[in-house]
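Student: I should like a close look at a single part of this model, placed in the setting of the whole chain. Please give it as one connected account.

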Amino acid sequence: MSSTTWRSVFSYNKYTQIAARALRQSLKEEERVAAEKRGLTILRYQQWENGQGGKQVFLHEPEETTPPKSAAV
């Protein structure tokens, strides 16, 4: 598919979403689940009044993760 063909159908962001979804679906189950977890976006918002920021509210609460294991011991 040439670049002019896909650009007339959808945006670059949509193209990368489709490519990422296809790649994740081609992975084995364990790697696919890990890749999907990395793809989650943590959204939060904060109400501002009089130049002061209020409490940050998470729309999707982040899960506690353990630090990655280091290869060098």
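Tutor: Read from the N terminus, the protein chain follows the order α-α-α-β-β, with 3 helices and 2 strands in it (DSSP runs of H or I, at least four residues, or of E, at least two, numbered from the N terminus). This is a predicted model, in which local features need pLDDT of at least 70 and side-chain atom pairs pLDDT 80 or more, while totals for chains, interfaces and linings use all residues. Residues are numbered from 1 along each chain as its sequence is written, and side-chain values use heavy atoms, without hydrogens or water.

The part chosen here is the hairpin of strand 1 and strand 2. Strand 1 covers residues 44–49 and strand 2 residues 52–58. The two strands pair (at least two DSSP bridges) in the antiparallel sense, over 5 bridges. Within this pairing, Arg 44 faces Phe 58 of strand 2.

The hairpin has 2 residues between its strands. Asn 50 belongs to this loop between strand 1 and strand 2, and although Asn 50 is not a glycine, its phi is positive, at about 55°. Asn 50 is also exposed, with a relative accessible area of 80% (buried is under 20%, exposed over 50%, partly exposed in between, with a 1.4 Å probe and protein chains only).

Strand 1 itself lies largely in the open, because 0 of its 6 residues are buried. Gln 47, a residue of strand 1, counts as exposed at 53% relative accessibility. Setting aside neighbours within four places in sequence, Gln 47 has contacts (heavy atoms within 4.5 Å) with Gln 52, Gly 53, Gly 54 and Lys 55. From Gln 47 to Val 57 the C-alpha to C-alpha distance is 8.9 Å, with a separation of 10 residues in sequence.

Tyr 45, likewise found in strand 1, is partly exposed at 44% relative accessibility. Together with Leu 43, Val 57 and Leu 59, Tyr 45 forms a nonpolar surface patch with about 380 Å² of accessible area. Patch members have over 30% relative accessible area and no salt bridge, nonpolar side chains being joined within 5 Å and like charges within 9 Å; areas are Shrake-Rupley values with a 1.4 Å probe.

The rest of the chain gives the setting. Of its 73 residues, 4% count as buried, and its accessible surface is about 7100 Å², 53% of which belongs to carbon and sulfur atoms. Contacts between residues at least 6 apart in sequence include 0% that join residues at least 24 apart.

Turning to the helices, the structure has 1 salt bridge (Lys or Arg side-chain nitrogen within 4 Å of an Asp or Glu carboxyl oxygen). Glu 29 and Arg 32 form a salt bridge, at 2.5 Å from N to O, and both residues lie in helix 3 (residues 29–38), 3 residues or about one turn apart.

There is also 1 aromatic pair (ring centres within 6.5 Å; planes under 30 degrees apart are stacked, over 60 edge-to-face, the rest tilted). The rings of Tyr 12 and Tyr 15 have centres 6.2 Å apart and planes at 35°, so the pair is tilted. Tyr 12 and Tyr 15 stand 3 residues apart in helix 2 (residues 12–26), about one helical turn. Tyr 12 is exposed at 53%, whereas Tyr 15 is partly exposed at 35%.

How values were computed
Phe/Tyr/Trp six-rings, centres within 6.5 Å; stacked < 30°, edge-to-face > 60°.
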